[in-house]
Amino acid sequence: DESQRLTRLVNNVLDFSRLDQHRKHYRVEPLELGAFLRNLLQDQRRRIEEAGLQLDAALPDAPLTVATDRDALEQAMLNLLDNAAKYAAAGGALRVELIPHPNGGAAIRILDRGPGIPPEHRARLFETFYRVDDTLTARQPGTGLGLSLARRMLRELGGDVRFEPRDGGGAVFIVELPRCSVVSDQSHRRPAGPDGTKG
C-alpha cells in the first residue's frame, strides 16, 4: 500500500512538471467507462474499505464509451478516491455513479459523507498546492497537487472536474467526459477544449 501511495505521489509530481513545461502528451482513444470503472474500483476496493469507507457503485449495464486518455483518467480518478479515503472516512460511505449525458459523453460522480468543503475554501479548491487549512488536513499527508492535476488533465482532454456540496452533508466531485467520436492517436498534441481552443 505504501509503495502504491508513493507511486501515485511520484506520478503526480512528474505530471505537474510536464504540464508546466507543456510536455504532457495524451493518447485519446475510445474507452468503455463501465468496464474501466469496474476494474479500477475492484483494484482500489481493499484500500478504500481499509480507510473505513463502504464502497458502493452504480454503473449502467449498457456500454458507455467516451473519447479520452485512459492513463490520465485513471490518475485523476485515483486522486479523487485518495481524497475521499483521507478526508471523508468518518462519513463511512463512498458512492461512485456513472451517468450518461443525453447528447453524448458522461459524468462520473464521487459522493461521500465526510465533512465537506467549507464555503470559504471552495473557490480555491483546485489551485495548485492549495490545501484546506484545518485539523483534518493537518493530520493527513499530502501535497495539494491531486485536485489541481485532475482538473488540468481533464480540461486538456475536453472534460472537467468540479465540486458540489452534497445534500445532507458531504462532498460530490463530478468528472465530466466528452462524447466519443472518430478519434486518432493524439499523443503529440492536446485535443480541443470545450470552446474549441487548444489546451
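Biologist: Before we discuss helix 3 and helix 5, what does contact mean here?

Modeller: The structure is a predicted model. Two residues are in contact when they have heavy atoms within 4.5 Å.

Biologist: Which residues of helix 5 does helix 3 meet?

Modeller: On the side of helix 3, the participants are Ala-72, Leu-73, Gln-75, Ala-76, Asn-79, Leu-80 and Asn-83. Their partners in helix 5 are Gly-146, Leu-147, Leu-149, Ala-150, Met-153 and Leu-154.

Biologist: How do the residues of that contact divide into nonpolar, polar and charged?

Modeller: No charged residue takes part in the contact of helix 3 with helix 5. The polar residues number four, and the nonpolar residues number nine.

Biologist: What is the relative direction of helix 3 and helix 5?

Modeller: The axes of helix 3 and helix 5 (residues 146-156) come within 9 Å and cross at roughly 150°. The crossing is left-handed. Angles over 145 degrees count as roughly antiparallel. Helix 3 and helix 5 are therefore roughly antiparallel to each other.

Biologist: Is Asn-79 buried or exposed, and which backbone oxygen does its side chain reach?

Modeller: Asn-79 belongs to helix 3. Its relative accessible area is 4%, so Asn-79 is buried. At 3.4 Å, the side chain of Asn-79 reaches the backbone oxygen of Gly-146.

Biologist: At what angle do helix 2 and helix 3 pack?

Modeller: Helix 2 covers residues 33-50 and helix 3 covers residues 70-87. Their crossing is right-handed. The axes lie 11 Å apart, and the angle is about 40°.

Biologist: Which residues of helix 3 make the contact with helix 2, and how many of the residues in that contact are charged?

Modeller: Helix 2 contributes Leu-33, Phe-36, Leu-37, Leu-40, Leu-41, Gln-44, Arg-47 and Ile-48. From helix 3 come Arg-70, Leu-73, Glu-74, Met-77, Leu-78, Leu-81 and Asp-82. The residues of this contact divide into ten nonpolar, one polar and, as charged, four.

Biologist: Where is Ile-110 placed, and is Ile-110 buried or exposed?

Modeller: Ile-110 lies in strand 5, which spans residues 106-112. A residue under 20% relative accessible area counts as buried. The relative accessible area of Ile-110 is 2%, so Ile-110 is buried.

Biologist: Which residues does Ile-110 touch, leaving aside those up to four places away in sequence?

Modeller: One of them is Phe-173; although 63 residues separate Ile-110 and Phe-173 along the chain, their C-alpha atoms are separated by 5.2 Å. The full set touched by Ile-110 is Met-77, Leu-80, Leu-94, Arg-95, Ala-171, Val-172, Phe-173 and Val-175.

Conventions
Residues are numbered from 1 along each chain as its sequence is written. This is a predicted model: local features need pLDDT of at least 70, side-chain atom pairs count only at pLDDT 80 or more; totals for chains, interfaces and linings use all residues. Side-chain values use heavy atoms; hydrogens and water are left out. Helices (H or I, at least four residues) and strands (E, at least two) are DSSP runs, numbered from the N terminus. Buried means under 20% relative accessible area, exposed over 50%, partly exposed in between (1.4 Å probe, protein chains only). Axes are lines fitted to C-alpha atoms, for helices over the stretch in contact, and angles run from 0 to 180 degrees between N-to-C directions. A crossing is left-handed if the near helix is turned anticlockwise from the far one by less than a right angle, and right-handed if clockwise. Ala, Val, Leu, Ile, Met, Phe, Trp, Tyr, Cys and Pro count as nonpolar, Asp, Glu, Lys and Arg as charged, and the others, Gly among them, as polar. Angles under 35 degrees count as roughly parallel, over 145 as roughly antiparallel, 65 to 115 as roughly perpendicular and the rest as oblique. A polar contact is a pair of N or O atoms within 3.5 Å; within protein, one must be able to donate a hydrogen and the other to accept it, and residues adjacent in sequence count only if both atoms are side-chain atoms.
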